[in-house]
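Me: Please take a close look at a single part of this predicted model. Start in one place and work outward from there.

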Amino acid sequence: MIVETPKIEFRDIELCFTAEDGAKVQVLDSVNLNVREGEFVCIVGPSGCGKSTLLNIACGFLKPSRGQVLIDEVPVDQPNRRRVFIFQDNSVFPWLTVSQNIGFGLADQSPQEKDEIIRRYVEMIGLTGFEHAYPRELSGGMKQRVEIARALASGPDVLFMDEPLGALDWLTRLKMRADLVEIWRQEKKTILFVTHDVEESVQLADRVVVLSDRPAQIRAVVDVDLPRPRNLDDPEYLRIRDEIFELMGLDHHGIEAAKV
Ligand SMILES: Nc1ncnc2c1ncn2[C@@H]1O[C@H](COP(=O)(O)OP(=O)(O)OP(=O)(O)O)[C@@H](O)[C@H]1O
């Protein structure tokens, strides 16, 4: 029997912060999770439960109080340029053009290789014609595409994404989700993606990790075994979505009614 080595392994992660008044705040409790190479895993859970904290530990920005994260069987103890973190708040450099932003991390390549990589990612994110534009000339969605392209161009093997579409309007967000699926299909990177949005998680992920209230534990890991691109009217898609809502203690029908 072949036992697959996980790409990312969370082993019994606990994290406590010390608040301003000295009180201990436990954020994560006994989190165990294996992520396979090339897998797209979404993390959902109540606001403030510890989703970002978990990602920050995996990326090496924070040290757990107990347990450890391993990537390729090596304990994570600091950030590494092969693992890129993408935040909700766009952090493209305003003084650089689209091409310069995308090429920013490419110090080891020849000028020809660099141009080729930039061209490839400009095309992939659909910004051909905007190579020389500055971020101030781009919409929010376009800037977020540049951010994703910059991350991919640097050749990471793992992408940590913390609500990367959270600041976008609804329509742009829908489009970006579809684009993200396409980019992931082409690149096959391992992605750990935090979102508030259950629908988004079911559209994107191979598996959805549902966290409990703080201190967060893994309440369930839900497989989304549906072909991509996903049909959002597919009864199985809707069943999985509603299962996750239920796991989070939410009634999807109630939410729909509340929107009216
Ligand atoms: N540096 C810190 N010191 C003390 N407490 C912190 C610190 N960072 C985060 N926390 C607390 O840890 C908890 C988890 O925060 P985290 O940002 O991981 O939650 P989240 O699930 O990502 O939240 P949201 O869904 O609202 O983005 C929160 O209660 C937060 O106040």
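Reply: Val 84 counts as buried, because 24 C-beta neighbours lie inside 10 Å. The cut-offs are these: buried means 20 or more other C-beta atoms within 10 Å of the residue's own, exposed means 12 or fewer, and partly exposed is in between, with C-beta atoms placed from the backbone. This is a predicted model: local features need pLDDT of at least 70, side-chain atom pairs count only at pLDDT 80 or more, and totals for chains, interfaces and linings use all residues. Residues are numbered from 1 along each chain as its sequence is written.

Val 84 sits in strand β6. Helices (H or I, at least four residues) and strands (E, at least two) are DSSP runs, numbered from the N terminus. From Val 84 to Glu 200 the C-alpha distance is 21 Å, and 116 residues separate the two in sequence.

Now the sheet around Val 84. Its strand, β6, belongs to an open sheet of 6 strands. The order is β6-β7-β8-β3-β9-β10, and the pairing is mixed. Two strands pair if DSSP finds at least two bridges between them. The edges are β6 (83-86) and β10 (218-223), each pairing on one side only. On average, neighbouring strands of this sheet are turned by 15 degrees against each other, direction ignored. That angle uses lines fitted to C-alpha atoms as axes, over the stretch in contact for helices, and runs from 0 to 180 degrees between N-to-C directions.

Move inward to β8, residues 190-194. 5 of its 5 residues are buried, so β8 is largely enclosed by the rest of the structure. In a regular strand the side chains alternate between the two faces of the sheet. Here, Thr 190, Leu 192 and Val 194 point one way from β8. Ile 191 and Phe 193 point the other way.

What flanks β8? Strand β7 (residues 158-162) runs parallel to β8, joined by 5 bridges. In that pair, Leu 159 stands opposite Ile 191. The chain gets from β7 to β8 through helix α5 (residues 170-187), and this β-α-β crossover is right-handed. Right-handed means that, with the strands pointing away from the viewer, the path from the first strand over the helix to the second runs clockwise. Strand β3 (residues 40-44) is also parallel to β8, with 4 bridges between them. There, Val 41 stands opposite Leu 192.

Val 41 also leads on to the next strand. Its bridge partner in β9 is Arg 207. β3 and β9 (residues 207-211) are parallel and share 4 bridges. Arg 207 in turn stands opposite Asp 223 in β10. β9 and β10 pair in the antiparallel sense, over 5 bridges. A hairpin of 6 residues joins β9 to β10. Pro 215 lies in that loop between β9 and β10. The bond joining Arg 214 and Pro 215 is a cis peptide bond, with omega about -5 degrees. Beyond β10, Pro 229 lies in the loop leading to α7 (235-247). The bond from Arg 228 to Pro 229 is cis as well, with omega near -5 degrees. Most residues other than glycine have a negative phi, and most peptide bonds are trans.

There is another open sheet to place alongside. It has 4 strands in the order β2-β1-β4-β5, with antiparallel pairing. β2 and β5 (74-75) each have a single partner strand, so one side of each is left without a neighbour in the sheet. Strand β1 (residues 8-18) and β2 are joined by 8 bridges. Thr 18 stands opposite Lys 24 in β2.

Two residues here are worth checking for phi. Ser 30 is in strand β2. It is not a glycine, yet its phi is positive, about 50 degrees. Ser 30 is partly exposed, because 15 other C-beta atoms lie within 10 Å. Glu 73 is in the loop between β4 (66-71) and β5. Its phi is also positive, about 70 degrees. Glu 73 counts as exposed, because it has 9 C-beta neighbours inside 10 Å.
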